[in-house]
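Biologist: Hello! Could you put the model up on screen, so that we can go through it together?
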Amino acid sequence: MQIAENTVPSFRYTLTNAAGEVLDASPPGQSMPYLHGAGNIVPGLEQAMEGRSPGEKFEVAVLPEEGYGPHDPELVQMVPRQSFQGVDNLAVGMQFQAGAASGDGNGMVVRVTALDGENITVDGNHPLAGQTLHFAIEVEDVRAATDEEIQHGHVHGAGGHQH
Ligand code: ZN
């Protein structure tokens with residue numbers, strides 16, 4: 001079976017950045033199922049999967065516009081260290097929900113990207129925003145989606161939603 005709308009492909013992947021550093025990969029010995037055509041994976045990768053068959057291996061470079069979007073400089077903010085009262089060992093890479101403490105947050109997740117004395121830089125962009133994503137893909141299996149999966153817009157069972 002070929003990958004098309006309303007099929008469930010399972011694939012292994014390695015994601016590297018432009019410098020060749022591995023950013024993410026499927027767990028060893030496991031492949032990832034998703035519902036094709038439902039926007040479960042980034043658009044550039046979903047397009048590249050179209051028409052592939054089990055056993056096929058390919059590489060694709062996904063531009064930010066077809067990946068996690070461009071990096072928006074307006075989502076980078078400097079905030080005073082006192083905003084993080086109660087946080088021990090504040091470090092680069094920590095993630096917070098903006099405004100969570102006061103309850104008036106917009107739900108945006110921000111990452112600490114720099115510490116400079118009393119000034120803390122936080123970035124609300126997706127960690128992979130602005131990056132070209134280099135995927136190495138191996139398609140392991142393709143099956144038809146069930147009616148229920150199509151209705152829900154996601155995969156059920158092993159590697160998917162358990163409900
Ligand atoms: Zn479901």
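Biologist: Which residues line the second largest pocket?

Modeller: First, a word on the source: this is a predicted model, where local features need pLDDT of at least 70, side-chain atom pairs count only at pLDDT 80 or more, and totals for chains, interfaces and linings use all residues. Residues are numbered from 1 along each chain as its sequence is written, and side-chain values use heavy atoms, with hydrogens and water left out. A pocket here is an open set of points on a 1 Å grid over the protein atoms alone, where a 1.4 Å probe fits, with protein on both sides within 12 Å along at least five of seven lines; lining residues have an atom within 4 Å of a point. The lining is Phe11, Tyr13, Leu15, Asp24, Met32, Asn40, Ile41, Val42, Leu45, Tyr68, Leu128 and Phe135.

Biologist: Lovely, and what is the arrangement of the four donor atoms around the zinc ion?

Modeller: The ion is held by His152 (ND1), His154 (NE2), His156 (NE2) and His163 (NE2), at 2.0 to 2.1 Å; donors are N, O and S atoms within 2.8 Å of the metal (3.2 Å for Na, K and Ca). Four donors count as tetrahedral if all angles lie between 85 and 135 degrees. Here the angles are 99 to 124 degrees, so the arrangement is tetrahedral.

Biologist: Is histidine 154 buried or exposed?

Modeller: Buried means under 20% relative accessible area, exposed over 50%, and partly exposed in between (1.4 Å probe, protein chains only). Histidine 163, at 62%, is exposed. Histidine 154 has 16% relative accessibility, so this residue counts as buried.

Technical notes
Tetrahedral: all angles 85-135°; square planar, octahedral: opposite > 155°, others 65-115°.
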